[in-house]
Amino acid sequence: RIADHTPPVAARGASDGRVRQASANSDGAAHLSKRGASRAAAAEEGDIPRYSVPIAELSAACEAAQAAAQGRGANPARRQTAEQASCVAVPSEPRAPPPQQLVVVDAPNVAIRHGKQLRFSSKGVKIALDYWEAKGCRAIGFLPDYYVSFAKVGTSKRAAELGLKDAKQVPDDVPLLRELEVSGRLVLTPPQDYDDSYCISYAQKHDGCVMSNDLYRDHVQTVVKRGGARAPIEIWLRTHCISYTFLADELLINPDFVFPPKREAQ
């Protein structure tokens, strides 16, 4: 109750000798809250005594009501619960890999993705290897050896300039790829072989995962043609392939990916 009770005044000719005070001026009534307006209407009917509300006190009450509506005046525990409920945690990174987790990088897939499907970005391969090594993983990439042959790349580059070859199949930095190979971070595969088979086989043998956006449908068909079962290889690929993308030079790993348990822990 923030108002002072207004004493009644005598009214000329009234049967009980008393009448209610005239209603407050229209300027003050415009600032009444909904509850105050209801009480004012009831007072007009003679059900309750009228209250005169000073403007300063009414303004303070309005500010308090606004603060409560915005949560500033709410119970701290309730406000904290509401704030927590309004926040949705969106993971930006997958769970940390186990120590010395092997990650096999599908080098051509990564290079072309970093090159926005327009060129073969050798830098993208290095970014991927650096990323996993910084996470404490053992990272290694596989690449057909014709990508590091200066003679073959030179011929492919000229063909691409003439529109005779897809530019994204021509590495833009052969010396960098050679540097990664010499340091043992990049393994070259024979040109006549299917390099994806090397990636998958090595990862399976050493309890690793493959970083690639390839669905490896050709590999699955090869396994089936050799008499193998489709389901086991499909399950393995689904649980061991790490999808990704790039934002400029920032590698973004699928935030929903969870490293499978190591075989020793199963």
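## A guided tour from Ala160 to the central sheet

Select Ala160 first: beyond its neighbours within four places in sequence, Ala160 is in contact with Lys165, Ala167 and Val170, where contact means heavy atoms within 4.5 Å. The model is a predicted one, in which local features need pLDDT of at least 70, side-chain atom pairs count only at pLDDT 80 or more, and totals for chains, interfaces and linings use all residues. Numbering starts from 1 along each chain as its sequence is written, and side-chain values use heavy atoms, with hydrogens and water left out.

Ala160 belongs to helix α7 (residues 150-161); helices (H or I, at least four residues) and strands (E, at least two) are DSSP runs, numbered from the N terminus. With a relative accessible area of 21%, Ala160 is partly exposed; buried means under 20%, exposed over 50% and partly exposed in between, for a 1.4 Å probe and protein chains only. From C-alpha to C-alpha, Ala160 and Val170 are 7.9 Å apart in space and 10 residues apart in sequence.

**The whole chain**

Zoom out to the full protein, which has 11 helices and nine strands. Of its 266 residues, 31% count as buried. Its accessible surface comes to about 16700 Å², of which 53% belongs to carbon and sulfur atoms, as computed by the Shrake-Rupley method with a 1.4 Å probe. Among contacts with a separation of 6 or more, 68% are between residues 24 or more positions apart.

**The sheet and its helices**

Select β5, β4, β3, β6 and β7 next: in that order they form an open sheet of five strands with parallel pairing, two strands being paired if DSSP finds at least two bridges between them. At the edges are β5 (186-189) and β7, each of which pairs on one side only. Within the sheet, strand β3 (residues 102-106) pairs with β6 in the parallel sense over three bridges. Pick Val104 to see one such position; its bridge partner in β6 is Val210.

Now add helix α6 (residues 122-134), which lies across β3, β4, β5, β6 and β7 and runs at about 160° to β4. Helix α9 lies across β3, β4, β5 and β6, at about 175° to β3. These angles run from 0 to 180 degrees between N-to-C directions, with axes as lines fitted to C-alpha atoms, for helices over the stretch in contact.

**Helix α11**

Move to helix α11 (residues 230-240), where the buried residues are Ile233, Trp236, Leu237 and His240. They cover an arc of only 95° around the axis, which puts them on the same side of α11; the arc is that of the directions from the helix axis to the C-beta atoms. Their cover includes α9, β6 (209-211), α10 (217-225) and β7 (241-242).

**Aromatic pairs**

Finally, show the rings of Phe, Tyr and Trp (its six-membered ring), which pair if their centres lie within 6.5 Å; planes under 30 degrees apart count as stacked, over 60 as edge-to-face and the rest as tilted. By this rule there are seven aromatic pairs. Phe142 and Tyr202 have ring centres 5.7 Å apart and planes at 55°, so the pair is tilted. Phe142 lies in strand β4 (residues 138-144) and Tyr202 in helix α9 (residues 195-205), so the pair ties together parts that are 60 residues apart in sequence. Phe142 counts as buried, at 4% relative accessibility.

The rings of Tyr146 and Tyr147 have their centres 4.8 Å apart and their planes at 35°, so this pair is tilted. Tyr146 is partly exposed at 33% relative accessibility, whereas Tyr147 is buried at 4%. End the tour at Tyr131, Trp132, Phe257 and Phe259, which ring pairs link into a cluster.
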